[in-house]
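Me: Could you take me through one part of this structure up close, and then show me what else is going on around the chain? I'm new to this, so plain words please.

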Amino acid sequence: MQERVRASVLEAQLVLVGIGTEFSERFEDMETDAFYGPMLEQAKEEAYTGQLMQYLQFHRVKRHPSERIVQAYDRLAGLLEGKNYFIVSLCTDDLIFTSKLDRERIVTPCGGFYAMQCGRECVTDQESLVTDEKVMEALLESIDDCQGDVSAIDFPVCAECTKPLWFNCVASPDYKEEGYLSQWQLYTKWLQGTLNRKLCILELGVGMQFPQIIRFPFEKIGFFNQKAYFYRVHSKLYQLTEELKGKGCAIACNPVDFLLDEEAEHDCDH
């Protein structure tokens, strides 16, 4: 099946990729981790539990990223090499930006760890989003050196209200969408150029979380573009709609496993 996908990508004029949360870093095992577990317990008692949880997940992703996920992204980069593509991702772990994929061809409308924001509206002259890499690195080093005590972590704070900052992601209160809007504009402009052109749509691990961002629009694009072919890869929600009959392939597999050439079941309409 991987060879068939490669052939479709090679033949296509453009490739549209959707990446869902099955591709995301998993944080469940942090609770039993010798380093993170005790701090997660402490975090439950702190006033700024939400921010602390984000900080520890940020540290985990930056210091101990999932090698399999990054390898899968690099496989995807190899698959797309030399192609005109765009990627829409629901993942908020930013692992996609550590891969060989072109970040100028990626939009992450759910945000991630690349910027921080205040959790409420502040009247201030400062930029609404904090993207200073020095702030991010200082937070990482503070967690490195805290010796398992969350009270020793140096919180980055809002210059106006002095409250700890959140990361600019959809799970944060008062999520500021301007963090991704410029890339979204590039995506919509790119999408306009796919009409009546040979398009390969590759949906990887996209379930029913925020279906209005990827799942439903991609189905619509696949239906209206008579030259499109659709691949949906998901461990459970891999089924295609009746409207895409004859125009797609349903692949029952975790997307990371699929890109790493591990076994997958598939049902293709020719």
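**A close look at Y187**

Reply: Let's start with who Y187 touches: setting aside neighbours within four places in sequence, its contacts are L16, F86, V88, V107 and F218. Keep in mind as we go that this is a predicted model. Y187 itself sits in helix α6, which covers residues 178–192. Is Y187 buried or exposed? Its relative accessible area is 3%, and buried means under 20%, so Y187 counts as buried. For a sense of distance, take T21: it is 166 residues away from Y187 in sequence, and the two C-alpha atoms are 20 Å apart in space.

Now stay in the helix and look at Q183, which also belongs to α6. Q183 has 16% relative accessibility, so by the under 20% cut-off it is buried too. Leaving out neighbours within four places, Q183 is in contact with F86, R103, E104, R105, I106 and V107. Compare the two lists and you'll spot F86 and V107 in both, as contacts of Y187 and of Q183.

Next, the strands. Three of them make an open sheet, in the order β5-β4-β6, with antiparallel pairing. The edges are β5 (129–130) and β6 (166–169); each has a single partner strand, so one side of each has no neighbour in the sheet. Strand β4, residues 111–117, is joined to β6 by three bridges, and the two run antiparallel. One pair you can find yourself is G111 with its bridge partner C169 in β6. Helix α5 (residues 133–144) packs on this sheet and touches β4, β5 and β6, with its direction at about 100 degrees to that of β4.

There's another strand pair to visit. Strand β8 (residues 228–234) pairs with β9 in the parallel sense, over five bridges. Within that pairing, R232 has A250 of β9 as its bridge partner. Why call β9 largely enclosed by the rest of the structure? Five of the five residues in β9 (248–252) are buried, so the strand is largely enclosed. You can see which way each one faces, too: G248, A250 and A252 point one way, C249 and I251 point the other way, and all are buried. So if you colour the model by burial, try β9 alongside Y187: the five β9 residues are buried, and so is Y187 at 3%.

Key
Residues numbered from 1 in each chain as written. Predicted model: local features only at pLDDT ≥ 70, side-chain atom pairs only at ≥ 80, totals over all residues. Heavy atoms only, no water. Buried < 20%, exposed > 50% of the residue type's maximum accessible area, 1.4 Å probe, protein only. Helix = DSSP H or I, 4+ residues; strand = E, 2+ residues; numbered from the N terminus. Pairing = 2+ DSSP bridges. Contact = heavy atoms within 4.5 Å. Axes fitted to C-alpha atoms, helices over the stretch in contact; angles between N-to-C directions.
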